[in-house]
Amino acid sequence: MASGGGRWLRGLWAAGQPLFQGRALLVTNTLGCGVLMAAGDGVRQSWEIRSRSGQKFDPRRSASMFAVGCSMGPFLHYWYLWLDHLLPASGLRGLPNIIRKVLVDQLVASPLLGVWYFVGLGCLEGQTLDQSCQELQDKFWEFYKADWCVWPAAQLVNFLFVPPQFRVTYINGLTLGWDTYLSYLKYRGQVGS
């Protein structure tokens, strides 16, 4: 039985390899970001439905999360390529550059993606730019403090151990919980959410 399972896993691995090469990697990263962001919102909405009577699933909300996630996928794809070019490093000998990568990621990409998230969703949901900017101002520091609690350690592992072509996928794997939190932060206190 174990050998049958091993063959199945090897077959699955072999079938998935083309998704992490060449142009397909960009598509994989893009769709992965969108699917996981929508899934995180789905988890959050499921919790809201259980805890609030009359609450219903809002597919438009999850579709907006999917769209924003997909829009972030290409940025993340090229961001990690650029970071690897700017600060090449591998293994423990590259630890100084890996720490620099984590810091650059936290100081540049994280705030940018926070702005992108709140303004992008606001636009998709009919907010004015002023309303989106106000929401960003109200929620940014809470977002950014939580980001510092989660992502530096995750990125340290990412840059230290994960091969470059799997970096966005690794992060996407961790984002289900993070995206659930982002959905909570974005929609908490809203009637019908």
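**Entry 1. Lining of the largest cavity**

I looked up which helix gives most to the lining of the largest cavity, and I noted α4, whose 7 residues are the largest share. The model I am reading is a predicted one. I then listed the helices that supply at least two lining residues each: α2 (22-51), α3 (59-86), α4 (95-124), α5 (129-161) and α6 (167-187).

I next asked how much space lies in the largest cavity. The value I recorded is about 340 Å³. The lining is made up of 25 residues, and those closest to the centre of the cavity are L76, L113, W151, T175 and W178. I sorted the lining by residue class and obtained 14 nonpolar, 8 polar and 3 charged residues. With a threshold of 30 Å³ or more, I counted 1 cavity.

I added one general remark to this entry: rolling a probe the size of a water molecule over the atoms shows where empty space is left.

**Entry 2. T175**

I chose T175 for a separate look, as one of the residues closest to the centre of the largest cavity. I located T175 in helix α6. Is T175 buried or exposed? I entered T175 as buried, because its relative accessibility is 8%, and the cut-off for buried is under 20%.

Setting aside neighbours within four places in sequence, I found T175 in contact with L36, W151 and T180. Among these partners, W151 is also listed with the residues closest to the cavity centre. I also checked M37, which stands 138 residues from T175 along the chain. The C-alpha atoms of T175 and M37 are separated by 7.4 Å.

**Entry 3. The chain as a whole**

I stepped back to the protein chain and counted 6 helices and 0 strands. Read from the N terminus, the order of elements is α-α-α-α-α-α. The chain has 193 residues, of which I noted 44% as buried. I then took the contacts between residues at least 6 apart in sequence; 74% of them join residues at least 24 apart.

**Entry 4. V27 and T30 against C70**

I compared two residues of α2 in turn. V27 lies in this helix, and T30 is found in α2 as well. At 47% relative accessibility I classed V27 as partly exposed, whereas T30, at 16%, counts as buried.

I took C70 as the reference point for both. From V27 to C70 the sequence separation is 43 residues, and the C-alpha to C-alpha distance is 9.3 Å. For T30 and C70 the separation along the chain is 40 residues, with 5.0 Å between the C-alpha atoms. Which residues does T30 touch, not counting those up to four places away in sequence? I listed G69, C70, G73 and P74.

**Entry 5. Helix α3**

I checked the length of α3 against expectation. At 1.5 Å a residue, its 28 residues should span 40 Å, and I found the end C-alpha atoms 40 Å apart, so the two values agree. I also looked at the N-terminal end of α3, which is capped by D58. A side-chain oxygen of D58 lies 3.1 Å from the backbone nitrogen of R60.

**Entry 6. K101**

I placed K101 in helix α4. Its relative accessibility is 1%, and I therefore entered K101 as buried. With which side chain does the side chain of K101 make a polar contact? I found that of D84, at 2.6 Å.

For the surroundings of K101 I left aside the neighbours within four places in sequence. The contacts I recorded for K101 are L83, D84, L87, A89, F159 and R167. D84 thus appears in my notes on K101 twice, as a contact and as the polar partner.

Technical notes. Residues numbered from 1 in each chain as written. Predicted model: local features only at pLDDT ≥ 70, side-chain atom pairs only at ≥ 80, totals over all residues. Heavy atoms only, no water. 1 Å grid on protein atoms, 1.4 Å probe; cavity = no way out; pocket = protein on both sides within 12 Å on 5 of 7 lines; lining within 4 Å. Points joined across faces, edges and corners; volume = space filled by probe spheres on them. Helix = DSSP H or I, 4+ residues; strand = E, 2+ residues; numbered from the N terminus. Nonpolar A, V, L, I, M, F, W, Y, C, P; charged D, E, K, R; others polar. Expected span 1.5 Å × (residues − 1). Polar contact = N/O pair within 3.5 Å; in protein donor to acceptor, adjacent residues only side chain to side chain. Buried < 20%, exposed > 50% of the residue type's maximum accessible area, 1.4 Å probe, protein only. Contact = heavy atoms within 4.5 Å.
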